[in-house]
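I opened this notebook to keep track of what I looked up, going from a single ring outward to its neighbours and then to a pair of helices.

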Amino acid sequence: MKLPFVISLPHCSGKIPERIQSNMVLTQTETVDAIDLGTREIFGCMPAAQILCAEWSRLVVDLNRPPDQRDAKGPVALVDYHGRPVYRSDAIPDESKIEQRLSTYYNPYHRQLEKALAEPHIKGLLDCHSLKGIGPPEAPDAGKERKDIILGNNGGPDGESDPLRGESTCTPALLGFMKQVFEMAGFSVSINSPYAGGFTITHYGSVLAARGKIALQIEINQNLYMDLETEEIVPERVTDVRAGIFECFKEIGETI
C-alpha cells in the first residue's frame, strides 16, 4: 500500500560541492553533524506517495528556512547548529552568492514539494528530522533527555494554537490521536517540545489546512538506532524502528 503522504527530508544529505567546501572552516566531522542521521534510512524507505530527499547538505542551503531570512541561521547559514563559524572570514557568502544558491538548490526542491502536495490523493505533509538523544548546548532543551518521537504542529504542549507562533498545522485532537498511535507502538512522545516546527510546515500548513489536510514535523531520537560510542547507525535497530514507524504511519493514514 502507498501511504497518502508526502515525506520531506530536508536535512538527510551531507554532500557539499567542492567549490563551497573549499571556503569552509568546518572539519569533515563537523560537517557530518549537520546531517539528520537515520532519516533517509527510516523515513526515506517508507512506501509513501512521494518522498523528497535533499541532495545537498543543509550547510549548502537549509531547505527548512524562509528564503528571505538573512541572519546567521538563514537558508545559507553562517554558523552551524553548535554555533561554530561555517566559513573563512574572507569567504562569507554575499547576497549574490546567497541568491545563486537559492536559485540552484532551494527553489527547485520547493517547487517539487509544492507540486507533490497539490495531488488530490495526498492527505498531508510529513517533514521528518532526527535529533540527538540529549539536547546540545545551543538547543532550547540543552542537557535534557529527549523523547523517542517529537510531533510538531507549530502549537503549544497539547497541540493547541500558540498566538506567539501563529496558526497550528494540525488540530490538537488529531495530534493527540497520533501521539497515542506512536505510544501504543512503544515510542515515548513529546508534542512541540523541544521543537514545534520549522518553515516547511508553517509555509505549507495553511494551504493544506484549507484543503482539509495536515502538515506535521516529526523528529526521531537518534538513540533509537545509533551506537552511542561509535555514533554509527546500527542496521538491525533501523530495521526494527522503521517497521514500527511504518505501522504508525499506516494507522494514521487510514484514520485521517
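I began with the ring of Trp 56 and found the charged end of Lys 15 sitting over it, 4.4 Å from the ring centre; I note here that the model is a predicted one.

I then looked up how open Trp 56 is, and at 22% relative accessibility it counts as partly exposed, because the buried class requires a value under 20%.

Next I turned to the aromatic pairs, of which the structure holds five. One of them joins Trp 56 and Tyr 105 edge-to-face, with 5.6 Å from centre to centre and 70° between the planes. Trp 56 lies in the loop between strand 2 (48-53) and helix 4, while Tyr 105 belongs to helix 4, so the pair ties together parts 49 residues apart in sequence. I checked Tyr 105 as well, and at 12% relative accessibility it counts as buried.

I also noted one aromatic cluster, formed by Phe 5, Phe 43, Phe 182, Phe 187 and Phe 249.

Since Tyr 105 had led me to helix 4, I asked myself at what angle helix 4 and helix 6 pack. Helix 4 (residues 95-117) and helix 6 (residues 199-210) pack at about 35°, with their axes 12 Å apart, and helix 4 passes helix 6 in a right-handed crossing. On the helix 4 side I listed Tyr 106, His 110, Leu 113, Glu 114 and Leu 117 as making the contact, and on the helix 6 side Phe 199, Thr 200, Tyr 204 and Leu 208. Sorted by character, the residues of this contact divide into six nonpolar, two polar and one charged.

Definitions and conventions: Residues are numbered from 1 along each chain as its sequence is written. This is a predicted model: local features need pLDDT of at least 70, side-chain atom pairs count only at pLDDT 80 or more; totals for chains, interfaces and linings use all residues. Side-chain values use heavy atoms; hydrogens and water are left out. Axes are lines fitted to C-alpha atoms, for helices over the stretch in contact, and angles run from 0 to 180 degrees between N-to-C directions. Helices (H or I, at least four residues) and strands (E, at least two) are DSSP runs, numbered from the N terminus. A crossing is left-handed if the near helix is turned anticlockwise from the far one by less than a right angle, and right-handed if clockwise. Contact means heavy atoms within 4.5 Å. Ala, Val, Leu, Ile, Met, Phe, Trp, Tyr, Cys and Pro count as nonpolar, Asp, Glu, Lys and Arg as charged, and the others, Gly among them, as polar. Rings of Phe, Tyr and Trp (its six-membered ring) pair if their centres lie within 6.5 Å; planes under 30 degrees apart count as stacked, over 60 as edge-to-face and the rest as tilted. Buried means under 20% relative accessible area, exposed over 50%, partly exposed in between (1.4 Å probe, protein chains only). A charge sits over a ring if NZ of Lys or CZ of Arg is within 6 Å of the ring centre and within 35 degrees of the ring normal.
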